[in-house]
Amino acid sequence: MPDPIRLLLADDQQMVRAGFRLVLDAQPDMSVVGEANNGAEAVTLVNELSPDVVLMDIRMPILDGLGATEKIMATHPEARILVLTTFDLDEYVHAALRAGASGFMLKDAGPTELLAAIRAVRNGDSVVAPSATRRLIERFIPRQNAAPMTDPTLVESLSDREREVLTCVGEGLTNAEIAERLYVAETTVKTHVGHILSKLGLRDRVSMVITAYEAGLVRPGR
C-alpha cells in the first residue's frame, strides 16, 4: 500500500481544524501531519514537514492564506495547495490561484467532495469546480491590476483545436465534456491540454482557466 497523503491544515479556527482532522485521519490513505493557526505558521510547517497537500484557509491573522501561498510557492514550487473559501466573502482566491494554488474548495463542501479534491491535487491534477470557478473569476478578474498570467499574444501560437480546448477549459468543462463537445476521444483532449500547458508555460488547469479569461476566449457572463 502506498504511503498515506501527508496533510497540513492551515486555519485559525481550532474547531474547523478538529473537524477536518476527524474526517481526514479516518481515511486509510491520508494522515494529518501538522496544523497551523495562521499563514506564518503554515509557511514554517511546510519547511519543516514537507506535506503533500496543504489545506489553506484564506482569512487568517498575521499572514493570510494568499500571503502564505505566495511564500510557500516561492520556495516550494512543487507544493500542492488547496485553498478553502467561503466564496461570497473572499476576494483573494483569484490572486491565490495566480500565486500557484492547485485549486479551491468551498468550506461547506461535503466530505466526499473534499476527499476527492485532496486525492486529485495529490495526483497532480487541479481542482476546478466549474460553476464556482467561473463565478469567482468573472467577479474578481476585472478588479485585478496585476499583469496577465501569460502574454495574451502567446495564445496565437496555439492551433485552432488547442484554442477550442482552452476555451472549453475556461468554461469549466471536464475532459469528458470537452471530448463530447468537440467529437474527439478523451485521450485526445488530454494530449491537447498537455500541449497547451507546454506552449503557454502554464502550471496546471487552474492556470488555463485564468488565461482563457485574460486572453478574452471566455468572457464574463458567457
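**View 1. Strand β4 and its partner β5 run side by side.** In this predicted model, strand β4 covers residues 80–85 and is joined to β5 by four bridges, with the two strands running parallel. To find your way along the pair, start at Leu84, whose bridge partner in β5 is Met105. As a reminder, strands of a sheet pair through backbone hydrogen bonds, either parallel or antiparallel.

**View 2. On its other pairing, β4 meets β3.** Here five bridges join β3 to β4, and this pair is parallel too. A handy landmark is Leu55, which has Leu82 as its bridge partner in β4.

**View 3. Strand β4 is buried along its length.** Six of the six residues of β4 are buried, so the strand is largely enclosed by the rest of the structure. Follow the side chains and you will see Arg80, Leu82 and Leu84 pointing one way, while Ile81, Val83 and Thr85 point the other way. This fits a familiar pattern: in a regular strand the side chains alternate between the two faces of the sheet.

**View 4. Five strands make up an open sheet.** Step back a little and the strand order reads β2-β1-β3-β4-β5, with parallel pairing. The edges belong to β2 (30–36) and β5 (103–106); each has a single partner strand, so one side of each is left without a neighbour in the sheet. From one strand to the next, the twist averages 25 degrees.

**View 5. Helices α2 and α3 pack on the sheet.** Helix α2, made of residues 39–49, lies across β1 (5–10), β2 and β3 (53–57), and runs at about 135 degrees to β2. Helix α3, residues 65–75, also packs on the sheet, where it touches β3 and β4. The direction of α3 makes about 150 degrees with that of β3.

**View 6. Helices α7 and α8 cross obliquely.** The axes of α7 (residues 160–170) and α8 (residues 175–182) come within 10 Å and cross at roughly 130 degrees. That angle makes α7 oblique to α8. The crossing of α7 past α8 is right-handed. On the α7 side, look for Arg161, Glu164, Val165, Cys168 and Val169, which meet Ile178, Arg181 and Leu182 of α8. Sorted by class, this contact has five nonpolar, no polar and three charged residues.

**View 7. Helices α8 and α9 pack roughly at right angles.** The axes of α8 and α9 are 8 Å apart and the helices pack at an angle of about 110 degrees. The two are therefore roughly perpendicular to each other. From α8, the contact takes in Asn175, Ala176, Ile178 and Ala179; from α9, Glu186, Val189, Lys190 and Val193. Its residues divide into five nonpolar, one polar and two charged.

**View 8. His192 sits buried in helix α9.** Zoom in on α9, residues 186–200, to find His192. With a relative accessible area of 16%, His192 falls among the buried residues, because buried means under 20%. Leaving aside neighbours within four places in sequence, His192 is in contact with Arg161, Glu162 and Val165.

**View 9. The whole chain puts the close-ups in context.** The protein chain has 10 helices and five strands. Of its 222 residues, 48% are buried. Among contacts with a separation of 6 or more, 68% are between residues 24 or more positions apart.

Note on methods: Residues numbered from 1 in each chain as written. Predicted model: local features only at pLDDT ≥ 70, side-chain atom pairs only at ≥ 80, totals over all residues. Heavy atoms only, no water. Pairing = 2+ DSSP bridges. Axes fitted to C-alpha atoms, helices over the stretch in contact; angles between N-to-C directions. Contact = heavy atoms within 4.5 Å. Parallel < 35°, antiparallel > 145°, perpendicular 65-115°, else oblique. Left-handed = near helix turned anticlockwise from the far one by under 90°. Nonpolar A, V, L, I, M, F, W, Y, C, P; charged D, E, K, R; others polar. Buried < 20%, exposed > 50% of the residue type's maximum accessible area, 1.4 Å probe, protein only.
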